[in-house]
Amino acid sequence: MSEQDLPRDAQETVGGEPAGVPVGHEGTRVEIEETAAWSANGFIPLVLAVVFVIGALRSFIEGGTLSDAGQDPGVWGVLGALQIVLFGLAVVSITIVSPGDTRVLQFFGRYIGTVRSPGLKMVLPFARGRRVSVRVRNFETNELKVNDADGNPVNIAAIVVWQVADTAKAVFAVEDYREFVRVQAEAALRHVATTHPYDNAAPGEESLRGSTDVVAAELAAEVADRIAIAGLEVVEARISSLAYAPEIAHAMLQRQQAAAVIAAREKIVEGAVSMVQGALRQLEADDVVEMDEERKAAMVSNLLVVLCSSSQATPVVNTGTLYN
């Protein structure tokens with residue numbers, strides 16, 4: 001099937017459009033954004049509640065007095081009942097918002113806004129408030145076993161620092177935003193790990209071990225893109241654990257050791273050649289000895305053997321001539 005034969009949603013996914021586009025069955029998404037809810041100073045209903053309680057008690061006392069006197073309490077009883085109702089309305093309209101918390105309000109199932117300012121607040125009576133923390137949080141993903149860009153299995157884990165940016169989306173757009181960010185972070189970590197080699201990157205490539213800042217930035221961007229639908233944002237993401245899988249760790253260690261030995265030998269040879277060149281130049285400049293090309297070659301060979309040998313060289317005194 002070609003890309004032209006796919007549904008429009010699938011074509012957008014194939015073409016590299018933003019993630020989250022429904023593919024196949026027509027998806028339904030909760031489109032909602034945070035708005036500010038109406039609120040007032042919470043001490044107002046608190047004072048009114050005290051006034052209504054006192055008024056209700058006075059009304060019931062007056063009504064009881066009239067009833068004892070054989071008179072109809074009438075208006076006093078109705079007034080007392082009304083004040084009790086008003087007291088209940090004042091009490092249910094009071095809510096407390098702590099610093100770093102918010103209250104997402106629903107009125108008979110309808111979202112009516114979010115209260116972000118902390119303190120004692122008065123909201124619409126009978127509005128059900130759900131506490132949503134906007135504090136910065138962090139968690140460490142499980143250690144995942146994935147294949148890097150070269151196909152080598154590696155164990156990798158990351159720490160993700162995040163917070164709620166849009167409380168309405170966090171509550172209504174996804175089932176559980178805490179579990180959502182955890183699962184999406186692991187999915188993003190798997191994807192990023194498969195696009196980079198563990199080490200020994202080619203020119204112009206970034207490796208997981210050698211370019212941790214670049215990889216961390218890519219991880220943070222991908223996690224942020226995946227969880228934006230839930231009204232969440234990423235503060236920081238960092239690789240916390242990175243190692244070859246146990247089944248290939250020994251072989252990879254041998255490869256690293258071989259690479260280190262080769263690099264050391266290259267340095268030794270480079271230094272030895274420089275020393276031999278200096279020795280020949282000094283001998284010629286001071287007229288210590290005159291050497292033809294064959295003698296120079298023999299001297300260079302001897303010096304390189306001495307300087308590049310991994311064990312102590314044993315000198316040999318030549319009492320003859322090179323030509324015998």
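Which helix does valine 92 lie in? Valine 92 lies in helix α3, and that is a handy place to start walking through this predicted model.

Take the helix itself. Helix α3 covers residues 75-92, and at 1.5 Å a residue its 18 residues should span 26 Å. The end C-alpha atoms are indeed 26 Å apart, so expectation and model agree. Now look at what α3 tucks away: Gly80, Gln83 and Ala90 are buried. They cover an arc of only 80° around the axis, which puts them on the same side of α3. The background here is familiar: an α-helix has 3.6 residues a turn, so residues three or four places apart point the same way.

What about valine 92, buried or exposed, or something in between? Its relative accessibility is 39%, so valine 92 counts as partly exposed, given that buried means under 20% and exposed over 50%. Valine 92 also belongs to a nonpolar surface patch of about 910 Å². Its partners in that patch include Val75, Leu79, Leu82, Val85, Leu86 and Leu89, along with Phe108 and Phe126.

Phe108 is a good bridge to the strands. Phenylalanine 108 sits in the turn of a hairpin formed by β3 and β4, with two residues between the strands, and has a positive phi of about 55°. The two arms of that hairpin, β3 and strand β4 (residues 110-115), run antiparallel and share five bridges. One spot to check is glutamine 106, whose bridge partner in β4 is tyrosine 111.

Strand β3 has another antiparallel partner to look at, strand β6 (residues 127-133), and here the pairing runs over seven bridges. Valine 104, for instance, stands opposite arginine 130 in β6. How enclosed is β3 (residues 101-107)? Six of its seven residues are buried, so β3 is largely enclosed by the rest of the structure.

Then there is an open sheet of three strands, ordered β1-β5-β2 and paired antiparallel. Here β1 (40-41) and β2 (94-97) stand at the edges with a single partner strand each, so one side of each has no neighbour in the sheet. Zoom in on β1 and you'll find that it pairs with strand β5 (residues 119-122) in the antiparallel sense over two bridges. In one of these contacts, alanine 40 has methionine 122 of β5 as its bridge partner.

Terms used: Residues are numbered from 1 along each chain as its sequence is written. This is a predicted model: local features need pLDDT of at least 70, side-chain atom pairs count only at pLDDT 80 or more; totals for chains, interfaces and linings use all residues. Side-chain values use heavy atoms; hydrogens and water are left out. Helices (H or I, at least four residues) and strands (E, at least two) are DSSP runs, numbered from the N terminus. The expected span of a helix is 1.5 Å times one less than its number of residues. Buried means under 20% relative accessible area, exposed over 50%, partly exposed in between (1.4 Å probe, protein chains only). The arc is that of the directions from the helix axis to the C-beta atoms. Two strands pair if DSSP finds at least two bridges between them. Patches are made of residues with over 30% relative accessible area and no salt bridge: like charges are joined within 9 Å, nonpolar side chains (Val, Leu, Ile, Met, Phe, Trp, Tyr) within 5 Å. Accessible areas come from the Shrake-Rupley method with a 1.4 Å probe; for residues, only the protein chains shown count as cover. A salt bridge is a side-chain nitrogen of Lys or Arg within 4 Å of a carboxyl oxygen of Asp or Glu.
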